[in-house]
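The following exercises concern pockets, salt bridges, one helix and the cysteines of a structure. Please attempt each task before reading its solution.

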Amino acid sequence: MKDIGKWREYITDDDVMKATLGATRLFGAAPSIVEPDEPFALHIVALGADGYPDESYRDNVRLETDADVRGLPEVIEFGADDEGIVRVDGLSAPGEGIVLIRFSCDRTQVGGACNPIWVKRDPPYRIYWGDLHTHSILGKCGTQTAKSPDFGYRFGRDVMRLDYAAMADHARSLDDESWKEVMAAAKRHHEAGEFVTFLGFEGDYDGPDGGHFNLYYRGDDGDYRNFRVEKGGTLEAVHDFARERGALAVSHHNGRRIRGRDYSISRWGGLEIEPVVEVYSKWGSSEEWHSHRPVWRGGYPSDTHYFRYAVAHGYRLGVIGGSDDHSTCPGSYMDMWYPRDAGRRGFYRSSGLGAILATELTREALWDAMFHRRCYATAGERFLVDLRVDGRLMGEEIDSRRPHIEARVVGPAGIREVVIVKDGQDWHRVDSQGQDCAVELADDNLDGESSYYVRAIDQAGDAAWSSPIWVRRE
């Protein structure tokens, strides 16, 4: 693994944020799925209120778990050489089950938790976490906190311990030289098995039938295009561009009043180019209008702009999360600051994240999983989400006479509710107080075809959404 800490090399004098705020949380990351006795590492960061590591943090932190974790120390020390990040190697869990690890500091009262770790034998897939929607200084979005693509990739890898990431700068602001920088950075930071990068850009299509799309490539090379209506952009042009290049097209913040997407007049690109939608970002949730985290600055007051409507009306879309972060800090807990907002903090601090169920950490495996909709979205925390119908995984299309639905959600904080959404409507709700919530039931009223997905909300308001499973009656 490359040296952790290289993200600091890319902080410039132009960056108004200097990582000077004291630690307010202890952030932890580990693999979401491991096998019994498989060695794994625990990554712990003392995060300041600004979202950067508190490099001045000096204290002893207690580690606690109710599971059997070999090699887990009772106390770790943040020293001067750690600069706010500690890595604990050589851990393992001998038995199957869920591992939850908590952190606390008696003196400062700063605490936190690691993402849940699912110990299971012979898992067909691992869960890989990432953020495909980050903006750098090349996108010229008018923010005072944007940084280079190099910084973004290193921050995602070193600080937030993401498995994959992409810069998605606005095509309207790119030129041939800056696009070469985008391509070079994605290629420079890609390391299969350690950290995967995707080459992409935001096409800026602003028609009401499509909204903004990000487009991504499978390899190191590609071209860019400004799809704004004033430049002749259309939904068909976006779809054709992606189809001709074998690219992935992902629409986002569909619930916004401007640059949103009205699914009642739009068209689905099809699985070959548009398998997923970004259902959550720092703009808020585009699942439904009456969301617990509505789109910031006012969502579109019509159900037709939201994921629920799309699923209920023939769009076979899976879901993924992204930050749309303009501080070039993928997966972070950082606010987005805009000069035109007079320096006020805005947006939700919880970043959107994408969880991809893949066989290995390579571009090819992640790409294949997204096109099979084997993925889910979260707001902030790295929930474990497992949805199955008749034993089949999220994203699949199956036949059944009496679908047997099983869902399980595990979160770092207590789960408040888990909802099974059928055909775009809340169908079955379970109120929960624990960190591990399981739901099991059968649908005795399947008529024709239906879709099912899971939404979970924890006690802090963070959330997770699964991709749907579509079921036809046998």
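**Exercise 1.** Which strands each supply at least two residues of the lining of the largest pocket?

*Solution.* The model is a predicted one, in which local features need pLDDT of at least 70 and side-chain atom pairs count only at pLDDT 80 or more, while totals for chains, interfaces and linings use all residues. Residues are numbered from 1 along each chain as its sequence is written, and side-chain values use heavy atoms, with hydrogens and water left out.

Step 1. Fix the terms. A pocket is an open set of points on a 1 Å grid over the protein atoms alone, where a 1.4 Å probe fits, with protein on both sides within 12 Å along at least five of seven lines; lining residues have an atom within 4 Å of a point. Strands (E, at least two residues) and helices (H or I, at least four) are DSSP runs, numbered from the N terminus.

Step 2. Name the strands. They are S2 (33-34), S3 (40-48), S6 (85-91) and S11 (126-134).

Step 3. Complete the picture. The largest pocket holds about 600 Å³ of space, a volume being the space filled by probe spheres set on the points, which are joined across faces, edges and corners. Of its 27 lining residues, Ala30, Pro31, Tyr128, Arg161 and Asp163 lie nearest the centre.

**Exercise 2.** Describe the second largest pocket.

*Solution.* Step 1. About 290 Å³ of space lies in the second largest pocket.

Step 2. Its lining has 20 residues, and those nearest the centre are Arg25, Tyr333, Glu381, Pro412 and Asp462.

Step 3. Strands S1 (23-29) and S9 (111-114) each supply at least two residues of this lining.

**Exercise 3.** How many salt bridges does the structure hold? Place two of them along the chain.

*Solution.* Step 1. The structure holds 44 salt bridges, each being a side-chain nitrogen of Lys or Arg within 4 Å of a carboxyl oxygen of Asp or Glu.

Step 2. One of them joins Arg70 and Asp37, whose closest N and O atoms are 3.0 Å apart. This pair links distant parts of the chain, 33 residues apart: Arg70 is in the loop between S4 (59-65) and S5 (75-78), and Asp37 is in the loop between S2 and S3. Arg70 counts as partly exposed because its relative accessibility is 45%, a value between the limits for buried (under 20% relative accessible area) and exposed (over 50%), with a 1.4 Å probe and protein chains only.

Step 3. Another salt bridge joins Glu274 and Arg261 (2.6 Å, N to O). Both residues lie in the loop between S15 (248-251) and S16 (276-281), 13 residues apart. Glu274 and Arg261 are both buried.

**Exercise 4.** Which residues of helix H3 are buried, and against which strands do they pack?

*Solution.* Step 1. In H3, the residues Leu235, Ala237, Val238, His239, Phe241 and Ala242 are buried.

Step 2. The buried residues of H3 pack against S13, S14 and S15, contact meaning heavy atoms within 4.5 Å.

Step 3. After H3 comes Gly246, which has a positive phi, near 65°.

**Exercise 5.** How many disulfides does a search of the whole structure find?

*Solution.* Step 1. A disulfide is a pair of cysteine sulfur atoms within 2.5 Å.

Step 2. The search of the whole structure finds zero.

Step 3. Cys375 is buried, with a relative accessible area of 0%. Cys437 also counts as buried, because its relative accessibility is 4%.
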